[in-house]
Amino acid sequence: MNSLQVPVVDVASVPADGLLLDVREDDEWAAGRAEGALHIPMSDFVARMGELTERAEGGDRVYVVCRVGGRSAQVAAYLLQQGVDAVNVDGGMIAWEQAGRPLVGDTESPSVV
C-alpha cells in the first residue's frame with residue numbers, strides 16, 4: 001500500500017471551473033460525466049499523462065474522480081509523486097450525481113453514473 005496520504009475534497013469543493021480529471025472507463029464516461037471534464041481512463045493514464053500536463057499548466061490543482069473514489073485515489077497518488085497538485089474527489093461521480101451537479105452523456109436518454 002502506498003504510504004503517501006492523498007488529499008480528499010468533497011464534491012461541493014470542486015470549483016465549476018476546476019480541472020476535473022475523470023479516470024473511469026469509456027463506457028462509464030459515455031453514460032454520464034461532468035461537462036468539461038478531461039477523460040483519461042486509468043488503464044491508459046500513464047501513456048496519456050501528457051494530455052493532463054498540457055491542461056494543468058501553471059500548477060493548476062487537478063480534481064481526480066472515478067465512480068466512487070478508489071481508482072481516482074490511485075491516480076491522484078501517482079500525480080502527487082510526479083509533483084502535480086492533485087486531490088481525490090470523495091465519493092466520485094456517485095456523490096457528484098447525488099449532490100445535483102450537472103451531468104452530460106453521449107445519448108439522448110438522461111445521463112447516469
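**Exercise 1. The aromatic pair**

How many aromatic pairs does the count come to in this predicted model? Classify the geometry and describe the surroundings of the residues involved.

*Solution.*
Step 1. The count comes to 1 aromatic pair.
Step 2. The ring centres of Phe 45 and Tyr 78 lie 6.1 Å apart, with their planes at 90°. Planes over 60 degrees apart count as edge-to-face, so the pair of Phe 45 and Tyr 78 is edge-to-face.
Step 3. The pair connects distant parts of the chain: Phe 45 belongs to helix H2 (residues 45-55) and Tyr 78 to helix H3, 33 residues apart.
Step 4. Phe 45 has a relative accessible area of 3% and is therefore buried. Tyr 78, at 25% relative accessibility, counts as partly exposed, because the partly exposed class lies between 20% and 50%.

**Exercise 2. The sheet and its strand order**

Determine the strand order of the sheet, identify its edges, and describe the pairing of strand E2.

*Solution.*
Step 1. The sheet is open and has 5 strands in the order E1-E5-E4-E2-E3, with parallel pairing.
Step 2. Its edge strands are E1 (8-9) and E3 (38-39), each of which pairs on one side only.
Step 3. Strand E2 (residues 19-22) runs parallel to E3 and is joined to it by 2 bridges. In this pairing, Asp 22 stands opposite His 39 of E3.
Step 4. E2 also pairs with E4 in the parallel sense, over 4 bridges. Here Leu 21 is opposite Val 64 of E4.
Step 5. Helix H3 (residues 70-81) lies across E2, E4 (62-65) and E5 (86-89), and runs at about 175° to E5.

**Exercise 3. The two faces of E2**

Are the residues on the two faces of E2 buried or exposed? Compile the contacts of Leu 20 and Leu 21.

*Solution.*
Step 1. In a regular strand, side chains alternate between the two faces of the sheet.
Step 2. In E2, Leu 19 and Leu 21 are on one side and Leu 20 and Asp 22 on the other; all are buried, and both faces are covered.
Step 3. Leu 20 has a relative accessible area of 5%, which means that Leu 20 is buried. Beyond its neighbours within four places in sequence, the contacts of Leu 20 include Val 14, Ala 34, Tyr 63, Val 89 and Trp 96.
Step 4. With the same neighbours left aside, Leu 21 is in contact with residues including Leu 38, Phe 45, Leu 52, Val 64, Val 75 and Leu 79.

**Exercise 4. The nonpolar cores**

Which residues touch the most other members of the largest nonpolar core? State which elements contribute to the core, and examine Ser 72 of H3.

*Solution.*
Step 1. Nonpolar side chains tend to be buried together in soluble globular proteins.
Step 2. The largest nonpolar core has 19 residues, of which Leu 21, Phe 45, Leu 52, Val 62, Val 64, Val 75 and Leu 79 touch the most other members.
Step 3. E2, H2, E4 and H3 are the elements that give two or more residues to this core. H3 provides the largest share, 4 residues.
Step 4. A second, separate core of 15 residues includes Tyr 63, Val 89, Met 93 and Val 113.
Step 5. Ser 72 lies in H3 and is buried, because its relative accessible area is 0%. Leaving aside neighbours within four places in sequence, Ser 72 is in contact with Val 23, Val 64, Val 65, Cys 66 and Asn 88.

**Exercise 5. A charge over a ring**

Which residue lies over the face of Trp 96?

*Solution.*
Arg 101 lies over the face of Trp 96, at 4.3 Å from the ring centre.

Notes
Residues are numbered from 1 along each chain as its sequence is written. This is a predicted model: local features need pLDDT of at least 70, side-chain atom pairs count only at pLDDT 80 or more; totals for chains, interfaces and linings use all residues. Side-chain values use heavy atoms; hydrogens and water are left out. Two strands pair if DSSP finds at least two bridges between them. Contact means heavy atoms within 4.5 Å. Axes are lines fitted to C-alpha atoms, for helices over the stretch in contact, and angles run from 0 to 180 degrees between N-to-C directions. Rings of Phe, Tyr and Trp (its six-membered ring) pair if their centres lie within 6.5 Å; planes under 30 degrees apart count as stacked, over 60 as edge-to-face and the rest as tilted. Buried means under 20% relative accessible area, exposed over 50%, partly exposed in between (1.4 Å probe, protein chains only). A charge sits over a ring if NZ of Lys or CZ of Arg is within 6 Å of the ring centre and within 35 degrees of the ring normal. A nonpolar core is a set of buried Ala, Val, Leu, Ile, Met, Phe, Trp, Tyr and Cys residues joined through side-chain atoms within 4.5 Å.
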